[in-house]
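Q: I have a model open and want to learn how to read its features. Can you take me through them one at a time?

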Amino acid sequence: MRTVKVIGVGMGNPRHLTQEAVDALRSVDVFFVLEKGSAADELVELRRDLCRAVIGTGNYRFLTVPDPPRDRSTTAYAQAVQDWSAARSHVLLDTMEAHLELGQTAGILAW
């Protein structure tokens, strides 16, 4: 069995995390991060900084996954977002199956 934890990190300040979030961070083997390929990727580094501040060097790793593009040209906004969300789920699931061993815990950090 594999475990996936979506961990709320608030505004990203390590001093503002709950003890439950800290414990969850410390239990993760692999952090999966969707990478957008833009200025938003600063958030990837902020996630790394947060983990270094809370966990230290630890026995965990980060795996960045290309974020599927969202169709921004369509007038069917709700369907485009639904399709994008499904594509993201599939990319994450496929990546986790390929890079997360049985018995390991995946972490996804949520702002």
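A: Start with a definition. A salt bridge is a side-chain nitrogen of Lys or Arg within 4 Å of a carboxyl oxygen of Asp or Glu. By that rule, Glu45, Arg48, Asp49 and Arg52 are linked in a network of salt bridges. Keep in mind that this is a predicted model.

Q: What is the general idea behind such contacts, and how many salt bridges does the structure hold?
A: Side chains of opposite charge can pair when their charged atoms come close. In this structure there are four salt bridges.

Q: How far apart are the closest N and O atoms of glutamate 45 and arginine 52?
A: The distance is 2.8 Å, and the two residues form a salt bridge. Now check accessibility. Glutamate 45 has a relative accessible area of 38%, so it is partly exposed. Arginine 52 is at 42%, so it too counts as partly exposed.

Q: Where does aspartate 49 come in, and what does it meet in a salt bridge?
A: Its side chain meets that of arginine 52, at 2.4 Å from N to O. Aspartate 49 belongs to helix H2.

Q: Why are aspartate 49 and arginine 52 separated by about one helical turn?
A: Because they are three residues apart in helix H2. Aspartate 49 is also partly exposed, because its relative accessibility is 35%, between the 20% and 50% cut-offs.

Q: Which salt bridge does arginine 88 form?
A: Arginine 88 pairs with aspartate 67, and their side chains meet at 2.8 Å, N to O. This pair links distant parts of the chain. Aspartate 67 sits in the loop between strand E3 (61–66) and H3, while arginine 88 is in helix H3, 21 residues apart.

Q: Is aspartate 67 buried or exposed?
A: Buried. Its relative accessible area is 13%, and buried means under 20%.

Q: Let me step back to the fold. How many helices and strands are there in the protein?
A: Three helices and four strands. To read a fold, follow the elements along the sequence. Here the pattern is β-α-β-α-β-α-β.

Q: What does the C-alpha trace span along its principal axes, and how many of the residues are buried?
A: The trace spans about 45 × 30 × 20 Å. Of the 111 residues in the protein, 34% are buried.

Q: Now pockets. What shows where empty space is left?
A: A probe the size of a water molecule, rolled over the atoms, shows where empty space is left. In this model the largest pocket has a volume of about 260 Å³. Its lining has 15 residues, and the closest to its centre are Leu34, Arg47, Arg88, Leu109 and Trp111.

Q: Which elements each supply at least two residues of the lining?
A: Two strands and two helices do: strand E2 (30–35), helix H2 (42–55), helix H3 (77–99) and strand E4 (105–110).

Q: What is the lining of the largest pocket by class?
A: Eleven residues are nonpolar and four are charged, with no polar ones. Arg88 is among the residues closest to the centre. Recall that arginine 88 also meets aspartate 67 in a salt bridge.

Q: Turn to the surface. Which residues form a nonpolar patch there?
A: Leu43, Leu46 and Trp111 form it, with about 270 Å² of accessible area together. Trp111 also appears among the residues closest to the centre of the largest pocket. Leucine 43 is in helix H2. Its relative accessibility is 32%, so it counts as partly exposed.

Q: Last topic: sequence against space. How far apart are aspartate 49 and glycine 12?
A: Compare the two separations. Along the sequence they are 37 residues apart; in space they are 9.3 Å apart, C-alpha to C-alpha.

Q: Where is alanine 87 found, and how far is its C-alpha atom from that of arginine 70?
A: Alanine 87 is in helix H3. Its C-alpha atom and that of arginine 70 are separated by 9.1 Å, with their positions 17 residues apart along the chain. At 28% relative accessibility, alanine 87 is partly exposed.

Q: Is alanine 21 buried or exposed?
A: Buried, because its relative accessibility is 6%. Alanine 21 lies in helix H1 (residues 19–26). Its C-alpha atom is 13 Å from that of arginine 47, 26 residues apart along the chain.

Definitions and conventions:
Residues are numbered from 1 along each chain as its sequence is written. This is a predicted model: local features need pLDDT of at least 70, side-chain atom pairs count only at pLDDT 80 or more; totals for chains, interfaces and linings use all residues. Side-chain values use heavy atoms; hydrogens and water are left out. On a 1 Å grid over the protein atoms alone, a cavity is a set of points where a 1.4 Å probe fits but cannot get out, and a pocket is an open set with protein on both sides within 12 Å along at least five of seven lines; lining residues have an atom within 4 Å of a point. Grid points are joined across faces, edges and corners, and a volume is the space filled by probe spheres set on the points. Ala, Val, Leu, Ile, Met, Phe, Trp, Tyr, Cys and Pro count as nonpolar, Asp, Glu, Lys and Arg as charged, and the others, Gly among them, as polar. Patches are made of residues with over 30% relative accessible area and no salt bridge: like charges are joined within 9 Å, nonpolar side chains (Val, Leu, Ile, Met, Phe, Trp, Tyr) within 5 Å. Accessible areas come from the Shrake-Rupley method with a 1.4 Å probe; for residues, only the protein chains shown count as cover. Buried means under 20% relative accessible area, exposed over 50%, partly exposed in between (1.4 Å probe, protein chains only).
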